[in-house]
Amino acid sequence: MVVTVGVCCMDVKLYSRPMGAILNRLRRYDDITIVPFGNRCIFDKPVELWPIVDFLICFYSAGFPLDKAQEYVRLRDPLCFNNVLTQHL
């Protein structure tokens, strides 16, 4: 069974060296597909058009549209590695 892991964060984090190390570890497994949600996705598309994933890793940072990410979680209900609904705290 292949599972999809969405990584929802701004490009600066998505393409950083630490994130690359994390994603490279996950890519070692044939049954995991990584789906990046970068700037073009999170800023330009409505959440209804964001990719549908089984698991979501979401990283808030200054300028990140947290409200949209929370709306996506409510709409698609992926298993979240970190609680997107409480990240505003």
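This note comments on the fold, core, aromatic pairs, cysteines and selected residues of a predicted model.

1. Overall fold. The protein chain comprises four helices and four strands. Taken in sequence order, these elements follow the pattern β-α-α-β-α-β-α-β. The radius of gyration is 12 Å, close to the 12 Å that the globule rule gives for 89 residues, so the chain is as compact as a globular protein of that length. The C-alpha trace spans about 30 × 30 × 25 Å along its principal axes.

2. Burial, surface and contact range. Of the 89 residues, 37% count as buried. The exposed surface of the protein chain amounts to about 5600 Å², and carbon and sulfur atoms supply 56% of this area. Among contacts between residues at least 6 apart in sequence, 62% join residues at least 24 apart.

3. The largest nonpolar core. This core has 17 residues, of which Cys8, Phe37, Trp50, Leu56, Phe64 and Tyr72 touch the most other members. Two or more residues each are contributed by β2 (32–37), α3 (39–44), β3 (55–58) and α4 (66–76). Helix α4 supplies the largest share, four residues. In general, nonpolar side chains of soluble globular proteins tend to be buried together.

4. A separate core. Apart from the largest core lies another one, of eight residues. Its members include Cys9, Leu14, Met19 and Ile34.

5. Contacts of Leu56. Leu56 is one of the core residues that touch the most other members. With neighbours within four places in sequence left aside, Leu56 is in contact with Gly6, Cys8, Phe37, Tyr72, Val73, Pro78, Leu79, Cys80, Phe81, Asn82 and Val84. Among these partners, Cys8, Phe37 and Tyr72 are also listed with Leu56 as core residues that touch the most other members.

6. Aromatic pairs. The structure holds five aromatic pairs. One of them, formed by Phe37 and Tyr72, is edge-to-face, with 5.6 Å centre to centre and 85 degrees between the planes. This pair links distant parts of the chain, since Phe37 belongs to strand β2 and Tyr72 to helix α4, 35 residues apart. Phe37 is buried, with a relative accessible area of 0%, and Tyr72 likewise counts as buried at 0% relative accessibility.

7. The pair of Trp50 and Tyr72. These two rings form a tilted pair, 5.4 Å centre to centre and with 35 degrees between the planes. Trp50 lies in the loop between α3 and β3 whereas Tyr72 is in helix α4, so the pair ties together parts that are 22 residues apart in sequence. Trp50 counts as buried, at 2% relative accessibility. Ring pairs thus join Phe37, Trp50 and Tyr72 into a cluster.

8. Cysteines. A disulfide is a covalent bond between the sulfur atoms of two cysteines. The count of disulfides in this model is zero. The sulfur of Cys58 has its closest cysteine sulfur in Cys8, at 4.1 Å, which is too far for a bond because the cut-off is 2.5 Å. Cys58 counts as buried, at 0% relative accessibility. Cys80 is also in no disulfide, and the nearest cysteine sulfur, that of Cys58, is 7.6 Å away. At 25% relative accessibility, Cys80 counts as partly exposed.

9. Leu26. This residue is found in helix α2 (residues 17–27). Leu26 counts as partly exposed at 23% relative accessibility; because buried means under 20%, Leu26 falls outside that class. Not counting residues up to four places away in sequence, Leu26 touches Ile32 and Ile34. Of these, Ile34 is among the members of the eight-residue core. Leu14, also a member of that core, lies 12 residues from Leu26 in sequence and 14 Å from it in space, C-alpha to C-alpha.

10. Ser61. Ser61 is placed in the loop between β3 and α4. Ser61 is nevertheless buried, with a relative accessible area of 15%. Outside the residues up to four places away in sequence, Ser61 touches Met10 and Lys13.

Notes
Residues are numbered from 1 along each chain as its sequence is written. This is a predicted model: local features need pLDDT of at least 70, side-chain atom pairs count only at pLDDT 80 or more; totals for chains, interfaces and linings use all residues. Side-chain values use heavy atoms; hydrogens and water are left out. Buried means under 20% relative accessible area, exposed over 50%, partly exposed in between (1.4 Å probe, protein chains only). Contact means heavy atoms within 4.5 Å. A nonpolar core is a set of buried Ala, Val, Leu, Ile, Met, Phe, Trp, Tyr and Cys residues joined through side-chain atoms within 4.5 Å. Rings of Phe, Tyr and Trp (its six-membered ring) pair if their centres lie within 6.5 Å; planes under 30 degrees apart count as stacked, over 60 as edge-to-face and the rest as tilted. The radius of gyration is taken over C-alpha atoms; the globule rule is 2.2 Å times the number of residues to the power 0.38. Accessible areas come from the Shrake-Rupley method with a 1.4 Å probe; for residues, only the protein chains shown count as cover.
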